[in-house]
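User: Hey, can you walk me through this one? I'm new to this.
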Amino acid sequence: MTIDLGTADAVWIIGSLYLKTPEALELVLAKLRQIGYEVKDLRVEGYAIERGETTPEQMEQNDWSLWYASLKDIRFGKCKSCESRISTHGIQAHGHTCEVCGEVTYLHMTEGSTIRFRFASEEYTMFGPELNMKVKRWDAEGGWLYLEREPLDYGGFGIVHGEKAQEYLERHADEWELVEENGEQLIRVYYPERFDSETAVISAMDIHGHHWNHSVVLVWEDVEYSEYSRDFPLPKSISLYEAWHWAPLEPSPTLHERIIHAARQTSDAGYYYQDGSPAWSRRTYEEMGKFVRHFTTLDADAWDQVSRGFRLDGPGGIADVAAFCHPDAVVTNEPNIGNFLVGFGKALEGKRLTSAEVDAMSRAIQDDPDTQEFIGELAKRPKA
Ligand SMILES: [Zn+2]
């Protein structure tokens with residue numbers, strides 16, 4: 001899914017375009033505009049520039065994308081009742097109706113939906129208690145939610161049911177009321193369409209069973225594609241890089257980071273699974289190889305040979321790329337809660353941990369604030 005740009009000085013790397021010369025850039029921008037892309041100069045309209053976080057010179061030197069091309073006006077709604085192509089504006093708002101046939105396009109909650117929630121007045125802990133309840137109806141405008149009387153006994157970790165659920169409801173008895181509709185007892189609780197933490201009585205964690213009566217389609221040359229279809233004929237957006245500001249890059253202890261980032265991967269070994277599971281594919285190395293060939297002084301033919309033997313797991317792959325780039329390469333390896341949770345989960349299931357996993361876990365416990373906070377929460381958990 002790339003576009004023929006008619007110049008050898010434009011290199012595609014995973015959906016981004018690297019331009020070798022200003023002339024190639026001009027040519028490519030003209031071509032993209034002709035196809036129908038809207039093109040933004042990020043040195044002028046970029047998010048970081050508008051917030052004063054960087055300068056155009058820094059963006060150029062630090063290999064930021066400098067242009068952003070995107071296809072406009074390709075998203076449409078499709079009403080399931082009348083099959084019309086409609087505007088996406090508001091299409092997923094509760095009670096929104098189709099501008100052609102008037103049918104509702106979306107309901108956030110309807111009879112039979114379930115809502116997992118907690119009472120907002122009680123201090124939040126990640127272990128509940130929470131209730132999972134079946135919705136009877138939602139008067140969104142009035143701000144009232146009507147629930148079936150009996151809490152559900154399923155829905156995940158932290159959910160209370162049976163006696164515990166009744167205790168929890170009793171503890172908050174002044175925050176809901178029992179009403180009768182069509183001979184059925186229902187719990188009525190304040191829940192307006194717009195959440196406001198000042199006035200909220202309940203806080204919803206999860207809602208299932210929305211009513212969808214629409215889809216979103218992409219349209220190109222009057223052909224419709226589903227929203228995430230791989231058949232859409234063009235990239236929906238493209239980031240462009242002006243490589244002449246910084247290329248070719250010389251070998252250095254951190255050059256591997258630039259190569260890994262060009263393939264849109266993280267160069268921190270701590271980010272990945274530590275048990276040897278594959279994180280990359282051969283294709284990842286082929287994309288990195290394009291960057292090596294066109295934008296570094298490294299031996300690209302050697303890369304094409306050697307990289308076929310590079311490991312596919314994150315930490316191994318990073319080490320192999322780093323060793324190829326420089327004899328004194330420095331690999332980042334930050335501890336994080338992901339390492340801790342993966343190891344913790346395996347240990348709970350009685351699985352054996354690799355030594356790299358044990359190492360990553362203990363470093364997370366020692367050095368990572370998120371992991372330390374999580375362990376603190378575990379310690380606070382009330383005894384069942
Ligand atoms: Zn319709």
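Analyst: Sure, a bit of vocabulary to start: two strands pair if DSSP finds at least two bridges between them. Strands (E, at least two residues) and helices (H or I, at least four) are DSSP runs, numbered from the N terminus. This is a predicted model, where local features need pLDDT of at least 70, side-chain atom pairs count only at pLDDT 80 or more, and totals for chains, interfaces and linings use all residues. Residues are numbered from 1 along each chain as its sequence is written.

User: OK, so what does Y146 stand opposite in strand 12?
Analyst: That's R188. Strand 10 (residues 144–148) and strand 12 (residues 184–190) pair in the antiparallel sense, over five bridges.

User: And how many bridges join strand 11 to strand 12?
Analyst: Six, and those two run antiparallel. They form a hairpin with two residues between them, and N182 in the turn has a positive phi of about 50°. E181 has E184 as its bridge partner.

User: New topic: how many residues has the largest nonpolar core?
Analyst: It has 38, and L17, L240 and V321 are among those with the most contacts inside it. Such a core is a set of buried Ala, Val, Leu, Ile, Met, Phe, Trp, Tyr and Cys residues joined through C-beta atoms within 7 Å. Buried means 20 or more other C-beta atoms within 10 Å of a residue's own, with C-beta atoms placed from the backbone.

User: Where does this core lie?
Analyst: Between domain 1 (10–72 + 236–245) and domain 4 (255–325), because both give residues to it. Those bounds come from an automatic or database domain assignment.

User: Any other core?
Analyst: Yes, another lies apart from it, with 15 residues, including W138 and V189.

How values were computed
Buried ≥ 20, exposed ≤ 12 C-beta atoms within 10 Å, placed from the backbone.
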